[in-house]
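Please look over the fold shown below. The report takes its helices, cores and backbone geometry in turn.

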Amino acid sequence: MILNTGQRTDITAFYSKWFMNRIKEGFVLVRNPYYPTIVTKFMLDPKVVDVIGFCTKNPRPMLPYLDELKDFGQFWYVSITAFEKDLEPNVPPIDQVIEDFQTLSKKIGSQAVAWRYTPIIVDEKYTVKRHLETFEYIASKLEGYTSLAVFGFVDIYDKLARIHPEIKDTDDESKAKIAKAFLEIAKKHRMELRLCSKEKWLSDYGIDVNGCMRIEDYERSIGTRLVIKQKMQARSGYCSCYLSNDIGSYNSCLHLCRYCNANGDEATIRHNFMNHDDNSPLLIGHLNPEDKVQEAKQESYKREILLF
């Protein structure tokens with residue numbers, strides 16, 4: 001099976017010690033975000049966990065632990081964008097994340113690390129020109145360290161529109177200009193380019209719009225065919241990615257990115273963070289008397305060795 005650590009929060013950036021405690025103890029408990037008294041227990045055993053998916057804006061806290069994760073397959077998405085503290089208050093500087101990306105790639109292999117440039121927000125400060133220049137700069141630094149780049153535009157959810165009405169969608173003309181330029185830059189730096197947002201019409205410009213988190217990426221990262229029995233995908237008609245079992249919690253990421261749809265108000269996020277315990281099997285808080293713990297059905301998806 002596949003476990004993910006980064007769809008609800010950035011475990012790598014803020015909860016690496018907790019995560020490694022879970023690895024050492026061999027299990028993790030995950031509270032259902034919609035039915036909070038239902039808790040699922042996942043065994044963290046490489047015999048049944050084929051790949052751990054990491055999605056982070058700051059891989060540095062996990063780098064010292066990579067040797068302890070060597071028995072697990074890994075696939076990493078590392079986000080590096082053009083934004084400064086006004087939109088990403090607690091994300092490290094671009095050059096630091098690039099350096100850590102390179103270190104990660106050297107350690108686990110370029111096929112196991114990919115780059116995300118998402119979401120794209122265009123305004124008076126973050127102009128189309130600035131996005132193109134920044135994408136070119138990052139791509140030049142990551143050439144040879146990854147073969148996959150993903151980009152996407154901001155999705156204006158109702159919550160985002162309510163909390164940050166100043167963040168607007170990008171006009172279609174700018175989207176097309178960015179997509180075409182990004183495709184040329186990616187090719188120049190020997191990267192495949194994919195879209196991670198709803199603009200499927202960009203396929204008219206040669207953009208791959210068939211999902212950014214695919215089974216083939218996990219397979220390539222571990223060199224093994226995976227036969228998936230449990231299909232988990234995002235919103236129908238919007239995203240074709242494979243979504244694995246996530247062990248995180250919403251409203252717990254201290255990056256505090258203004259555009260984030262996994263976070264709510266800052267007070268709730270900080271309250272949850274204060275309730276985090278590195279020694280708890282749950283990311284946030286502890287088990288309650290009314291909780292019902294259920295064992296996850298886990299099995300290996302590995303079938304055959306692949307030669308790339």
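Which are the buried residues of α2? They are Ser16, Trp18, Phe19, Met20, Asn21, Arg22 and Ile23. Buried means under 20% relative accessible area, exposed means over 50%, and partly exposed lies in between (1.4 Å probe, protein chains only).

This is a predicted model: local features need pLDDT of at least 70, side-chain atom pairs count only at pLDDT 80 or more, and totals for chains, interfaces and linings use all residues. Residues are numbered from 1 along each chain as its sequence is written, and side-chain values use heavy atoms, with hydrogens and water left out.

## Helices α2 and α7

Helices (H or I, at least four residues) and strands (E, at least two) are DSSP runs, numbered from the N terminus. Helix α2 spans residues 16–25, and 7 of its 10 residues are buried, so the rest of the structure largely encloses it. Its buried residues pack against α1 (11–14), β2 (27–31) and β4. Contact here means heavy atoms within 4.5 Å. Just after α2 comes Gly26, with a positive phi of about 90 degrees.

Helix α7 covers residues 215–222. Ile215, Asp217, Tyr218, Glu219 and Ser221 are buried there. Strands contribute to their cover, including β1 (2–4), β4 (51–56), β5 (73–79), β7 (148–153), β8 (192–195) and β9 (224–226). Gly223 sits just after α7 and has a positive phi of about 70 degrees.

## The α4–α6 pair

Two packed helices are described by the angle between their axes and the distance between the axes. For α4 (residues 128–142) and α6 (residues 172–188), the axes come within 10 Å and cross at roughly 15 degrees. That makes α4 roughly parallel to α6. Axes are lines fitted to C-alpha atoms, for helices over the stretch in contact, and angles run from 0 to 180 degrees between N-to-C directions. Angles under 35 degrees count as roughly parallel, over 145 as roughly antiparallel, 65 to 115 as roughly perpendicular and the rest as oblique.

The crossing of α4 past α6 is right-handed. In a right-handed crossing the near helix is turned clockwise from the far one by less than a right angle; anticlockwise makes it left-handed.

From α4, the contact uses Val128, His131, Leu132, Phe135, Glu136 and Ala139. From α6, it uses Ser174, Lys177, Ile178, Ala181, Phe182, Ile185, Ala186 and Lys188. The residues of this contact divide into 9 nonpolar, 2 polar and 3 charged. Ala, Val, Leu, Ile, Met, Phe, Trp, Tyr, Cys and Pro count as nonpolar, Asp, Glu, Lys and Arg as charged, and the others, Gly among them, as polar.

Leu183 also lies in α6. It is buried, at 12% relative accessibility. Leu183 touches Leu193, Tyr205, Gly206 and Ile207, not counting residues up to four places away in sequence. Leu183 and Ile207 are 24 residues apart along the chain, with their C-alpha atoms separated by 7.2 Å.

## Nonpolar cores

A nonpolar core is a set of buried Ala, Val, Leu, Ile, Met, Phe, Trp, Tyr and Cys residues joined through side-chain atoms within 4.5 Å. The largest has 74 residues, of which Phe19, Trp115 and Phe151 touch the most other members. Phe19 touches Thr5, Ile11, Ile52, Phe54, Met62, Leu69 and Ile247, leaving out residues up to four places away in sequence. A second, separate core has 10 residues, among them Phe83, Val91, Ile121 and Tyr259.

## Around α8 and the backbone

Asn272 is in helix α8 (residues 266–274). It is buried, at 15% relative accessibility. Beyond four places in sequence, Asn272 touches Tyr250, Asn251 and Ile284. Ser249 lies in the loop between β10 and α8. Ser249 is buried, with a relative accessible area of 18%. Its contacts are Arg8, Thr9, Leu283 and Ile284, again not counting residues up to four places away in sequence.

Two residues other than glycine take positive phi values.

| Residue | Phi | Location | Relative accessibility |
|---|---|---|---|
| Arg190 | near 60 degrees | loop between α6 and β8 | 58%, exposed |
| Asn251 | near 55 degrees | loop between β10 (245–246) and α8 | 21%, partly exposed |

A cis peptide bond joins Thr118 and Pro119, with omega about -10 degrees. Pro119 lies in strand β6 (residues 113–120).
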